Amino acid sequence: MKTILRHRLAKPVIFVLCLIPLALLIYLWRTHQLGINRAEAVARFTGSCTIRLLFLTLCVTPLRRIPGMSDLIRFRRMLGLFVFFYASLHFLHYLWLDKGWEWAIIWEDFRLRRFYIFGWTALLSLTPLALTSTNAAVRYLGAKRWQRLHRLVYVSPIAGVIHFYLQDKLPDPLSLTYAKIVAALLGFRLAFFLWKKLPPRVDAL
């Protein structure tokens, strides 16, 4: 596994795999296979791509602790940027296809509807992470400040799952599955953080 993760083609392959959902969406759009309400279909498709890629990105940290999997860290930045890419497509779809750039209606949605508030929160929490994803940003901010800023990644899955939960009048069972995944991923991070804070064990002589 370590050899595969370090292979020079590993990153290009991951890059292409991350573009497959977009290619599929374009194909379905051009061949009129998105149903009667294509705007809603696009919204659900891009939203699902965003949250699933976000989960995949959050899985990198626990999985890299498995022996032989440490090189997974090489792909975390790319996956995170694709999360932001699909989230931006999701938001652009809302502004363009759904609301037709009608800013008064858009403002009314964000002012009154919790569904949009949580979606906006998720996107806002991802934006500084994408903007500071370069090595130059790490050097400019310093490693510690950069790490503190990137803890915003914990906000986005929570807000994203709530956004998903509130999209229908009746809760989608999939939203409960997503909530369990978020709880497991963030629970792992909390447990590991607390474990590191424990005082070193001193064996009795």
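**Reading an all-helix pattern: residues, packing and pockets**

Q: In which helix is L89 found?
A: L89 is found in helix α4. Keep in mind throughout that this is a predicted model.

Q: How do I judge whether L89 is buried, partly exposed or exposed?
A: Use relative accessible area: under 20% is buried, over 50% is exposed, and partly exposed lies in between. L89 has 25% relative accessibility, so this residue counts as partly exposed.

Q: What does L89 touch, leaving aside neighbours within four places in sequence?
A: Two partners are L22 and T46, both in contact with L89.

Q: How far is L89 from E108, by C-alpha atoms?
A: Along the chain, 19 residues separate L89 and E108. In space, their C-alpha atoms are 21 Å apart.

Q: Now the whole chain. Which secondary structure elements does the protein chain have?
A: Ten helices and zero strands. The order along the sequence reads α-α-α-α-α-α-α-α-α-α.

Q: What are the dimensions of the box filled by the C-alpha atoms?
A: Along the principal axes, the box is roughly 75 × 40 × 40 Å. The chain has 205 residues, and 34% of them are buried.

Q: What share of the contacts with a separation of 6 or more joins residues 24 or more positions apart?
A: The share is 65% in this protein chain.

Q: How do I read the packing of α2 and α3?
A: Take the angle and the axis distance together. Helix α2, residues 10-30, packs with α3 at about 170 degrees, and the axes lie 11 Å apart. Over 145 degrees counts as roughly antiparallel. Therefore α2 is roughly antiparallel to α3.

Q: Which residues make that contact?
A: From α2 come C18, P21, L24, L25 and W29. From α3 come R38, V42, F45, T46, C49 and L53. By class, the contact of α2 with α3 has nine nonpolar residues, one polar and one charged.

Q: Why look at the sign of phi?
A: Because most residues other than glycine have a negative phi. Here, H32 has a positive phi, near 55 degrees. H32 sits in the loop between α2 and α3, and is exposed at 63% relative accessible area.

Q: What is phi for W101?
A: Near 60 degrees, again a positive value in a residue other than glycine. W101 lies in the loop between α4 and α5. With a relative accessible area of 39%, W101 is partly exposed.

Q: On to pockets. What is the volume of the largest pocket?
A: About 1200 Å³. Its lining has 34 residues, with T61, R76, H150, V153 and Y154 closest to the centre. Elements giving two or more residues to this lining are α3, α4, α6, α8 and α10. The largest share, eight residues, is from α10.

Q: How does the lining of the largest pocket divide by class?
A: Into 18 nonpolar, six polar and ten charged residues.

Q: How much space lies in the second largest pocket?
A: About 740 Å³. It is lined by 33 residues, and nearest its centre are A43, H90, F115, H163 and Q167. Two or more lining residues come from each of α3, α4, α6 and α9.

Q: Which element gives the largest share of that second lining?
A: Helix α3, with nine residues. By class, the lining of the second largest pocket has 18 nonpolar, ten polar and five charged residues.

Technical notes: Residues numbered from 1 in each chain as written. Predicted model: local features only at pLDDT ≥ 70, side-chain atom pairs only at ≥ 80, totals over all residues. Heavy atoms only, no water. 1 Å grid on protein atoms, 1.4 Å probe; cavity = no way out; pocket = protein on both sides within 12 Å on 5 of 7 lines; lining within 4 Å. Points joined across faces, edges and corners; volume = space filled by probe spheres on them. Helix = DSSP H or I, 4+ residues; strand = E, 2+ residues; numbered from the N terminus. Nonpolar A, V, L, I, M, F, W, Y, C, P; charged D, E, K, R; others polar. Buried < 20%, exposed > 50% of the residue type's maximum accessible area, 1.4 Å probe, protein only. Contact = heavy atoms within 4.5 Å. Axes fitted to C-alpha atoms, helices over the stretch in contact; angles between N-to-C directions. Parallel < 35°, antiparallel > 145°, perpendicular 65-115°, else oblique.
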